[in-house]
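These exercises are meant for someone meeting this structure for the first time. Try each task with the sequence and the model in view, and then follow the worked solution step by step.

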Amino acid sequence: MAFSLTQLSDAQSALAAPLFADVAGDIDVSFEFFPPKTEKMEETLWESVETLAPLGPRFVSVTYGAGGSTRERTHQTVARIARETSIPAAAHLTCVDATRAEIDEVAREYWAAGVRHIVALRGDPPRAGERFATHPGGYENAADLVKGLKRIAPFEVSVAAYPECHPDSEHAAADLDNLRAKIDAGADRAITQFFHEPETFFRFRDAVARTGIDAEIVPGIMPVSTFAAVKRMSAMCGTAVPDWMARLFEGLEDHAAARQLVAATIAAELCRKLYAGGVRHFHFYTLNRAELAYAICHLLGKRPVKAEAGLEAAA
């Protein structure tokens, strides 16, 4: 096979450059957790918080189950992070199966607990296969929820964005209109659904810019160590899985450590390309495990900061 002079030059440059040499560590990171169901899961979650805290995350968020199914556990987890650490804690809040008054009360409880950041979401239907329906007396959608939160207190508010279009949206233009409504309602930034190729994010970022939206768009990164999990979660949110990913995971079903290395490599390379495209804030969906996210942050040049930015004993 013959190579052009340009291809040879590019290959020589790539071979000469040290691994991740173009990444300067000048990034912000944030991490998402879900509320634990058991004592063992709580231990794992807190070990992950302790591991990632020294990286000085911009914030950590805790998810909220459909229909408020994890409402109390979410509140307890977020309140503990706010109480026992110096990491800014963000609580997910949805519109599902609750009145405005009920959601407003939850928001006030978060404010009273010292939580100043809410991830405002429409939320998924509480029963699989159903379409979302506004609860009687509830918030209509995420934009409506953002307006309500801003009336209650000066919360910092993040919302969701969908590089490959939300499954319930009629088309991409409608999806962008919905994002604009959330930003116009007062949201400070949008965090994207996870995706697998950098071009997906760049195309979306360009489309957002063309609409005149100038809010921060933060890519959501999902480092998943099994291909079965990748396919399952991607199918749930309409995320395309590239063919090359199946090839990279092929034959590793019985090799957990090798899968972990492959997953870290895939996600780190995605982040490196996003960094080259100007991204400086990465939001990691940790699945309550720290190892992959920590390794990727390390490759991106993110190092532990001073101790006071991590965990502190409760007074």
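**Exercise 1**

Which residue's side chain meets that of Arg-80 in a salt bridge with an N to O distance of 3.3 Å?

*Solution.* Before beginning, note that the model is predicted. The partner is Glu-42, whose side chain meets that of Arg-80 at 3.3 Å, N to O, and this falls inside the 4 Å limit for a salt bridge. The next step is to place the two residues: Arg-80 belongs to helix H3 (residues 71-84) and Glu-42 to helix H2 (residues 39-52), so the bridge ties together parts that are 38 residues apart in sequence. As for accessibility, Arg-80 counts as partly exposed at 21%, and Glu-42 is also partly exposed, with a relative accessible area of 37%.

**Exercise 2**

Find what else surrounds Arg-80, looking at its other salt bridge partner Glu-84 and at the ring of Trp-46.

*Solution.* Begin with the charges: the side chains of Glu-84 and Arg-80 meet in a salt bridge of 3.2 Å, N to O. Glu-84 and Arg-80 are four residues apart in helix H3, which means that about one helical turn separates them. Glu-84, at 22% relative accessibility, counts as partly exposed. Turn then to the aromatic ring, where the charged end of Arg-80 sits over Trp-46 at 3.8 Å from the ring centre. Elsewhere in the chain, Arg-116 lies over the face of Trp-111, with 3.7 Å to the ring centre.

**Exercise 3**

Describe the salt bridge between Arg-189 and Glu-156, and then name the residues of the network that includes Arg-83.

*Solution.* The closest N and O atoms of Arg-189 and Glu-156 are 2.7 Å apart. Arg-189 lies in strand E6 (residues 189-194) and Glu-156 in strand E5 (residues 156-161), so this bridge joins parts that are 33 residues apart in sequence. Arg-189 is buried, with a relative accessible area of 5%, whereas Glu-156 is partly exposed, with 30%. For the second part of the task, salt bridges with shared partners join Glu-42, Arg-80, Arg-83 and Glu-84 into one network. A search of the whole structure finds twelve salt bridges.

**Exercise 4**

Which side chain of opposite charge is nearest to Lys-302, and how far away is it?

*Solution.* First locate Lys-302, which lies in the segment after helix H11 (291-299). The nearest side chain of opposite charge is that of Asp-28, at 4.7 Å. A salt bridge needs a distance within 4 Å, and Lys-302, although buried, has none. A polar atom of the Lys-302 side chain does, however, lie 3.0 Å from the backbone oxygen of Ile-27. To complete the surroundings, set aside the neighbours within four places in sequence; Lys-302 is then in contact with Gly-25, Ile-27, Val-29, Leu-55 and Cys-297.

**Exercise 5**

Describe how the rings of Phe-195 and Phe-201 are arranged, and decide whether these residues are buried or exposed.

*Solution.* The structure holds five aromatic pairs. One of them, formed by Phe-195 and Phe-201, is stacked, with 5.7 Å from centre to centre and 20 degrees between the planes; the cut-off for stacking is an angle under 30 degrees. Both Phe-195 and Phe-201 are buried. Finally, ring pairs link Phe-195 and Phe-201 with Phe-202 into a cluster.

**Exercise 6**

Where in the chain do Cys-165 and Asn-288 lie, and what is the phi of Cys-165 and of Asn-288?

*Solution.* Start from the general expectation that most residues other than glycine have a negative phi. Cys-165 has a positive phi of about 75 degrees although it is not a glycine, and this residue lies in the loop between E5 and helix H6 (172-184). Asn-288 likewise has a positive phi, near 65 degrees, and is found in the loop between strand E8 (281-285) and H11. Cys-165 is buried, with a relative accessible area of 18%, and Asn-288 is buried too, with 4%.

**Exercise 7**

How many helices and strands are there in the chain, and what share of its 315 residues counts as buried?

*Solution.* The chain has eleven helices and eight strands, and 46% of the 315 residues count as buried. One further step concerns the contacts between residues at least 6 apart in sequence, of which 80% join residues at least 24 apart.

Notes:
Residues are numbered from 1 along each chain as its sequence is written. This is a predicted model: local features need pLDDT of at least 70, side-chain atom pairs count only at pLDDT 80 or more; totals for chains, interfaces and linings use all residues. Side-chain values use heavy atoms; hydrogens and water are left out. Rings of Phe, Tyr and Trp (its six-membered ring) pair if their centres lie within 6.5 Å; planes under 30 degrees apart count as stacked, over 60 as edge-to-face and the rest as tilted. Buried means under 20% relative accessible area, exposed over 50%, partly exposed in between (1.4 Å probe, protein chains only). A charge sits over a ring if NZ of Lys or CZ of Arg is within 6 Å of the ring centre and within 35 degrees of the ring normal. Lys and Arg count as positive and Asp and Glu as negative; His and the chain ends are not counted. A polar contact is a pair of N or O atoms within 3.5 Å; within protein, one must be able to donate a hydrogen and the other to accept it, and residues adjacent in sequence count only if both atoms are side-chain atoms. Contact means heavy atoms within 4.5 Å.
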